[in-house]
Structure formats: structure tokens, C-alpha cells
Amino acid sequence: MTPQEEREFVGGAFRKLKERGWFAGQEFEPSTITEKEITSFERKHQVKLPSLYKTFLMSFWLPYHECNDICAIRNDDTFFCPLWQMIHSPRTMDEVSKSMESLQIIREFCQLPDDCFRNLIPIGDWGAGWGPLCIDLSRPEGKIDPDDPLTWSLVWFDHEEFDWDKTYLGDDGLLHGSEAAPDLKAYLEIYFYGSLEAEYEQETGVKPTYQWYLDTLKR
């Protein structure tokens, strides 16, 4: 996508999230994160953030809560199901840095190489509590194949799994989590745009509304 297409896509994602009923009565504040601050962050951590993620960071803030939980229908290999997510909405790039540092707490429990986290940018929590959701920078966006989960750049790590050296450490010395989504665009299409909701309704006869998602927590 061009920069303009990215801005339109992200802006549309936030608008659609509101249309789907999330954060009713609240407004999305424009982000004050700048391209200069992102460049400084990249220089500090020696990373290159995906263009769409930078656009996301500079677009809007979700209304401030202790956690920003949203839900949508996702395709879980053989069936559609709702899955809650916790989305990070950083106010500063320092918050992103702190999220990266918090990952390294796992080093207290596992024997891991010093730089094995350098490819991971935390952006939320998979299952709204199952474990950190990250962008894996070692998986180039240009080589992502939606039909091959091993190429996907969004991954998650089970916080109840403490043998990260055996479960997630690759031969390249980097941590690679379980596949979550092909990339950020696919993730936003599902969780902000609700791209699978119409198909779910057609298949099950159930319309996934904001209240319906809340009711799934009571089951």
C-alpha cells in the first residue's frame, strides 16, 4: 500500500470499530507520536518497524482503559469462533520500549541468548490474557504467504509456557511464537473491520453484535 492508502486503511479501521459498537460514546484521540520519534526508536533498538504499524502508531489512540479489549470472529483453522484481544495503544514510543523490556522477564525462567528478543515488537495480548502478541520482524512482509503460517509476522507466546528455549527458540537464535495472523493488515481486517462476521452470521444464523460478544464472557 502507498502511504495514503495506509492512512485510509487505518482510519477506516478505527471508524469501523466504532460502527461495530466498541467504545460507544467515546472518541478516538489523534495520536501525537511523530515520525521523528519512531525513527529515534528504530535507531535506539536497531529495528525497522513495518510501515503500516508506524501508520497505526501515528493515527489514533484507543480510549484509555486498564486494558483495551475487543473481540471479533476469527477462522480457527476448521471453524469460526470469537476470540478476545487486548490491543496496545501506546501514547509514546517509550511505552513501546517498556513493552519490549517486559518481555525479557522470561529470561529469569529460561536459559535464552541475549539478543533472542530483538525481533519482537509487542502490540497486544492474544486471547486477552493468554500471552503477548508480537510483530516478528524477522519475517519480511514481502515474503508473507497467507496460506503458509510459518511465514506469518504476527505471533503470540503462551505465558504459561516457561520452556521458551525448547518451544520458541529457533536455529537463528531468535524467538518465534505461535502463528496469530499473516500481518498487521490481516489482523486489523479481522479485529477492527470485523471481516469474518458476515460469513459467521451466514453459517450460524447468529449476528455477532457488541452485546453478543460481551455475552460470550458469561458462558
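Q: In this predicted model, which residues does F56 touch beyond four places away in sequence?
A: F56 touches V10, F14, I87, H88, L184, L188 and F192. Contact here requires heavy atoms within 4.5 Å.

Q: What makes F56 part of a nonpolar core?
A: A core residue must be buried, which means under 20% relative accessible area. It must also be joined to others through side-chain atoms within 4.5 Å. F56 is listed in the largest nonpolar core, which has 48 residues. F56 is among those with the most contacts inside that core, along with L49, Y53, Y187 and F192. Apart from this core lies another, of 13 residues, including I106, C110, F117 and W164.

Q: Why is I105 called partly exposed?
A: Its relative accessible area is 47%. Buried needs under 20% and exposed needs over 50%, so I105 falls in between. I105 is found in the loop between α4 and β5.

Q: What makes I105 eligible for a nonpolar surface patch?
A: Patch residues need over 30% relative accessible area. I105 has 47%, so it passes that cut-off. I105, F109 and F162 make a patch of about 320 Å².

Q: How do you know that β4 pairs with β3 and with β5?
A: Pairing takes at least two bridges. β3 and β4 have 7, so they pair. β4 and β5 have 3, so they pair too. Both pairings run antiparallel. D69 stands opposite M86 in β4, and Q85 stands opposite W126 in β5.

Q: Why is β4 called mostly covered?
A: Buried means under 20% relative accessible area. In β4, 6 of its 8 residues are buried, so the strand is mostly covered.

Technical notes: Residues are numbered from 1 along each chain as its sequence is written. This is a predicted model: local features need pLDDT of at least 70, side-chain atom pairs count only at pLDDT 80 or more; totals for chains, interfaces and linings use all residues. Side-chain values use heavy atoms; hydrogens and water are left out. Buried means under 20% relative accessible area, exposed over 50%, partly exposed in between (1.4 Å probe, protein chains only). Helices (H or I, at least four residues) and strands (E, at least two) are DSSP runs, numbered from the N terminus. Patches are made of residues with over 30% relative accessible area and no salt bridge: like charges are joined within 9 Å, nonpolar side chains (Val, Leu, Ile, Met, Phe, Trp, Tyr) within 5 Å. Accessible areas come from the Shrake-Rupley method with a 1.4 Å probe; for residues, only the protein chains shown count as cover. A salt bridge is a side-chain nitrogen of Lys or Arg within 4 Å of a carboxyl oxygen of Asp or Glu.
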